Structures are given as structure tokens and as C-alpha cells.
Amino acid sequence: MKLIDMHCDTIWKLMDLGGEGDLMTGSCDVSIPGMRQADTMAQFFACFGYLDDFKDRGGYDACYSHILEMARYLKEQTVIHKDDIALAVSADDIYKNAREGKISAVLAVEEGGVLNGDISRLDTLYDNGVRLMTLMWNYENCIGYPNSRDSSVMWQGLKPFGIEVVEKMSGKGMMIDVSHASDGTFRDVLEYAKGPVVASHSNCRALCSHPRNLSDEMIRKLANAGGIAGLNLYGAFLGDNKESRIEEMTAHVMHMIEVGGSEFPAIGTDFDGFDGMDVLDIPDVGHMALLWEALKKKGLGEGQLDKIWSGNVLRVFKSLNV
């Protein structure tokens, strides 16, 4: 039951939201003790800066600097807790760390707007260990357009700089993440990307009509291109703004399999990126076995569960040019 979680906001919570402690002692949803309990093989840590916090301090440029600070913080954590966690920039690193009994930490960036039109920043992020970038958050940026209930926004796609970013990410072997993207941006990414594309923390629009989720057509196209989607545990993307229920989680996973096949679903919890739930069936990473058992009761065998838990992410990682 080796878990790979494609998205958490734990570094943001520890650095920007007043979280106490660090990855070992903190009270966040994702911690080293919790990951040990979950038998975590790898955790993707999103470096994210809330743009509104930087509007009067340099906007995206200041946010970019803060992203680099977050990357440094995570690297420091892997030094402080070197017996438990280590940085990984490839699938080979993940396997090596696992053999040494260590959890792998994979650096990600959520909000490609921090490039602010400067393609050299992508090289800097890569050189700092970033292997996944979510192209946008909930704002239009230099790359393209975000998800929206406004159809005039939802069908707008990549900008010319965004095409350059997607092509360069493909060449460097970075995971291109379309969670938060508009339907038009999703369409354009699949046209210009060379290799698999991921939706690191998105669910099924057929079961929950939120525009952050993927339509069945999007699931089929993403799956046909070798891509994957990580199940998001936030209630608003499962079906209820105030409840995060295991029954809804299993429904989304089963729908992903039905539409996209067994190679499609993965895990992208979004832990530490949401709160305000009246019901939270899985309160932190340490309780992820509850979802495993619930999916077993739905009839999934251990081979299929292994794909969801880690195998599908590892397949994509191994296919990258790293």
C-alpha cells in the first residue's frame, strides 16, 4: 500500500498560514509521522503563493521569489529529517529513497503565473528540483486562462507564451498540470504537449459539476494521451461544500476507471489546501488506508489499488525525459 500523493499545500500552510512546527512536529494534514502511517512512497509538495498577498509587494515577481523560498524550506526539511525524507527529481530517485526507507519529497509549483513572461524562470525552477507545475491557479496569467463558470473565460486557452511554456516543459521532462485550467487551456495543452499531461488534483464533472473538475470527454482525452488525474478530497469537488465523504471519493474513482480506464486514476488529496468541512471522513494523510479499504469493498483488487496509490504516477514519471 505505497502511497504517492500528487498535491498538498503543506509548505504553504507552514510558511504562510501560521502553521506550527515543521514536517515532523507540525499539526498539518501532511506530516512525516502521518506519511509513515500511510506508508507514503512519495509526496508532491506544492510551492504556492496567494497573489492577493503580493499585490502591493511586487505581484508575480515577489510571488516567484517566495516560491524559491518555499523550495529552499522543503530542501532544508530533507536535511533536518534526513533519516525520514529525501528530495526526488525522478522515478529512479523515488525507488532509491524507498529502498533506503525514506519518503520522497517531490517539488511542485502551483500557479505558473510566477514566470511572469520570463521563460528562463522555468529553467531556474527545474534546476531547483521542480518537476511538476500547475499552469495556473484561479486567475488569468501569462500562460492562459483558469477554470470559470463564465463560458467566455472557460473556452479561452493558452496564450503564445503559454504554448512556449508547455513545449519547454515537455522538452525538459516536467509534468504539465492542468488542474485549475479552463477547458480551452486543457484543449490547447493536449495539442502542444509532448508526453503525458496530469490533472494533479481534480475530480469528475459528471458527479460534481464544479468547473474545477474534468468532463468525461476531458477524462477520455487525457487518458488516451497517457495522462492521469489525482483524486481531490475537498468536499466542494466531490459533491458537497461542507462534507468530504469516503462514499463520494469512491464514486469518483470508480467513474474515472469506467471512463478513463485502470491506468487513469491516482491520488491528489489537496491536504492543507482546504478547510471548513463539517464532515471530513479522512482528516489527514495518516488515515488514507480508510479509502483503500472502501475501494476494496467496491470490488477493486490489490493490483488496481496499487496503480491508483502509486503505479500510475510512477508510470508517468518514468515516461518523462529526466
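Tutor: Let's start in a loop: Asn116 lies between β4 (103-110) and α5 (120-127). Keep in mind as we go that this is a predicted model.

Student: What is the phi of Asn116, and how do I read its surroundings?

Tutor: Asn116 has a positive phi of about 50°, although this residue is not a glycine. For the surroundings, we look at relative accessible area, where partly exposed falls between under 20% for buried and over 50% for exposed. Asn116 has 39%, so this residue is partly exposed.

Student: Which loop holds His180?

Tutor: His180 sits in the loop between β6 (175-177) and α8 (183-192). His180 is not a glycine either, yet its phi is positive, about 80°.

Student: Is His180 buried or exposed?

Tutor: The general idea is that buried means under 20% relative accessible area. His180 has a relative accessibility of 7%, so this residue counts as buried.

Student: Now the interior. How many residues does the largest nonpolar core have?

Tutor: A nonpolar core joins buried residues of kinds such as Leu, Ile and Phe through their side-chain atoms. Here the largest one has 90 residues, and those with the most contacts inside it include Phe45, Met133 and Leu291. Helix α3 (residues 59-80) gives the largest share of this core, ten residues. Apart from this core lies another, of 20 residues, with Ile4, Ile94, Ile228 and Leu320 among them.

Student: What does Phe45 touch?

Tutor: Leaving out residues up to four places away in sequence, Phe45 touches several residues, including Leu23, Val30, Met35, Leu74 and Ile85. Ala105, Val106, Leu107 and Ala108 are also among the residues it touches.

Technical notes
Residues numbered from 1 in each chain as written. Predicted model: local features only at pLDDT ≥ 70, side-chain atom pairs only at ≥ 80, totals over all residues. Heavy atoms only, no water. Core = buried A, V, L, I, M, F, W, Y, C linked by side-chain atoms within 4.5 Å. Buried < 20%, exposed > 50% of the residue type's maximum accessible area, 1.4 Å probe, protein only. Helix = DSSP H or I, 4+ residues; strand = E, 2+ residues; numbered from the N terminus. Contact = heavy atoms within 4.5 Å.
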